[in-house]
Amino acid sequence: MKKFLYYFKIFSILIGSFILFAAISCCLPNKFVRHNIKKSANDFLLEKDYPTAIIQGRAYTLDNFTDALILDMAYCADSKDIVNSIFAPKCGVLNTIMHQNLQLLTDGAIEPNVVYARYWHGSPFLIRFFLLFGNFNSIRHLLYIITSVLLVITGCTLYKKSGWITTIGFFGGFILLNGFMTQFSMQFATDMILALVFTIIVCHRYQDAKCIPMLLFIDGCVTCYFDLLTTPVLTIGLPMIVYIMLNAEKQAQEPIGSGLGKVIVPSVLWGVGYFCTWISKWILATIFTSFNAIKDGIHQTLFRSGTGEGITRWSAVRENLAQVSWEAVLVFVFLLVILIILSFNKKNFKSILLLALFMLLPYAWYVFAANHSHIHCWFTYRDQMVTVS
């Protein structure tokens with residue numbers, strides 16, 4: 001009971017922090033924020049909603065649609081209507097071409113007219129701080145710097161803790177599944193940043209068995225705050241891969257059941273944090289606004305996790321597999337297998353079994369969120385970074 005109350009206390013503090021962060025964001029001077037959003041809207045007109053980056057192909061597409069929507073919501077946030085701005089935010093939508101909607105909104109041709117309450121929408125609140133100083137192109141540059149620094153820190157930390165072979169293996173997913181794409185999009189970057197931050201923390205705290213469950217619980221809550229069903233599996237998969245690798249010696253000396261419990265408990269707590277944070281948004285929005293977010297949230301969850309109209313559980317998995325350049329993956333794996341054979345330690349067999357569970361995690365997510373994973377396979381496929389790593 002004490003442990004439950006402790007987790008509930010941490011959860012309450014996190015929810016309060018999310019609300020406070022959103023409130024502060026809404027109170028930022030709209031004059032500067034909206035000026036830079038208008039400049040960003042002009043840039044989006046040149047790029048359109050779905051530009052490809054460097055390499056042609058669906059898997060190399062940037063999601064300007066969602067980034068424009070994030071800017072749209074950031075534009076509509078208003079300190080004069082702070083409760084609705086936090087719990088039932090609006091956006092201006094006239095058609096299905098989001099960069100045009102953003103242009104119309106900043107020109108005053110349309111008013112905020114669509115309630116979008118089912119997510120916490122941490123990204124629009126966060127981006128308002130950046131928009132005080134620059135437009136979206138400046139923010140892209142900043143995202144590139146932040147993600148690059150985190151990648152370097154993660155690599156150096158992991159190398160010191162585990163050596164160069166496991167470090168290369170860990171980054172195999174980022175390299176082969178176009179991780180560079182996440183560095184130039186607000187929507188894509190948030191999950192990658194969170195995954196790297198929590199991976200770095202795990203590198204420093206992996207020996208603290210009591211810390212890891214709480215850390216993953218907080219990870220799930222924070223992921224839900226910022227995530228738009230982009231690649232949430234990264235924020236649990238990558239830290240847990242590192243946790244298993246760094247504890248290989250300890251796992252070799254204890255029963256497989258004990259090691260399994262130490263992996264499953266933090267993973268379950270990540271899920272509890274993620275889904276409880278999501279549900280809490282629906283409840284708070286329904287209580288404090290006139291919008292029935294509980295009904296909308298349940299409806300959208302059933303829709304996004306459902307099938308029909310040519311979409312099946314298997315097609316969701318198949319479409320995400322189809323986005324991967326498996327030729328490159330197989331070459332990488334072949335080279336890595338040679339290193340594994342040369343340096344294989346049979347004592348690590350238990351750790352390999354635990355890692356295999358996370359290899360399957362992205363596909364379990366695709367089966368659960370079948371509709372969303374099928375339709376948005378061109379970016380959800382990057383959840384398979386966990387599998388490749």
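**Exercise 1. Decide whether D107 is buried, partly exposed or exposed, and describe the salt bridge that D107 forms.**

Step 1. D107 has a relative accessibility of 46% and therefore counts as partly exposed, where buried means under 20% relative accessible area, exposed over 50%, and partly exposed in between, with a 1.4 Å probe and protein chains only. The model is a predicted one, in which local features need pLDDT of at least 70 and side-chain atom pairs count only at pLDDT 80 or more, while totals for chains, interfaces and linings use all residues. Residues are numbered from 1 along each chain as its sequence is written, and side-chain values use heavy atoms, with hydrogens and water left out.

Step 2. The side chain of D107 meets that of K38 in a salt bridge, at 2.6 Å from N to O; the term stands for a side-chain nitrogen of Lys or Arg within 4 Å of a carboxyl oxygen of Asp or Glu. This pair links distant parts of the chain, since D107 lies in the loop between α5 (98-106) and β2 (114-115) and K38 in helix α2, 69 residues apart. Helices (H or I, at least four residues) and strands (E, at least two) are DSSP runs numbered from the N terminus.

Step 3. The partner K38, at 33% relative accessibility, also counts as partly exposed.

**Exercise 2. Compare the surroundings of the salt bridges R140 with E47 and R118 with D296.**

Step 1. In the pair of R140 and E47, the closest N and O atoms are 2.8 Å apart. The two residues belong to distant parts of the chain, R140 to helix α7 (residues 136-162) and E47 to helix α2, with their positions 93 residues apart.

Step 2. R140 is buried, with a relative accessible area of 9%, whereas E47 is partly exposed at 26%.

Step 3. For R118 and D296, the closest N and O atoms are 3.9 Å apart. Because R118 lies in the loop between β2 and α6 (122-130) and D296 in helix α14 (residues 293-304), this pair ties together parts that are 178 residues apart in sequence. Both R118 and D296 are buried.

Step 4. A search of the whole structure finds five salt bridges, among them the pairs just described.

**Exercise 3. Explain what surrounds D63, and which side chain of opposite charge is nearest to D63.**

Step 1. D63 is found in the loop between α2 (30-47) and α3 (64-76).

Step 2. D63 is buried yet has no salt bridge, and the nearest side chain of opposite charge, that of R382, is 8.2 Å away; Lys and Arg count as positive and Asp and Glu as negative, while His and the chain ends are not counted.

Step 3. Leaving aside residues up to four places away in sequence, D63 touches D49, Y50, Q187, F188, W378 and F379, a contact being heavy atoms within 4.5 Å.

**Exercise 4. Locate K48 and L229, and state what is notable about the phi of each.**

Step 1. Most residues other than glycine have a negative phi.

Step 2. K48 has a phi near 70°, a positive value in a residue other than glycine, and lies in the loop between α2 and α3. At 46% relative accessibility, K48 counts as partly exposed.

Step 3. L229, likewise not a glycine, has a positive phi of about 60° and lies in the loop between α10 (211-226) and α11 (233-246). With a relative accessible area of 6%, L229 is buried.
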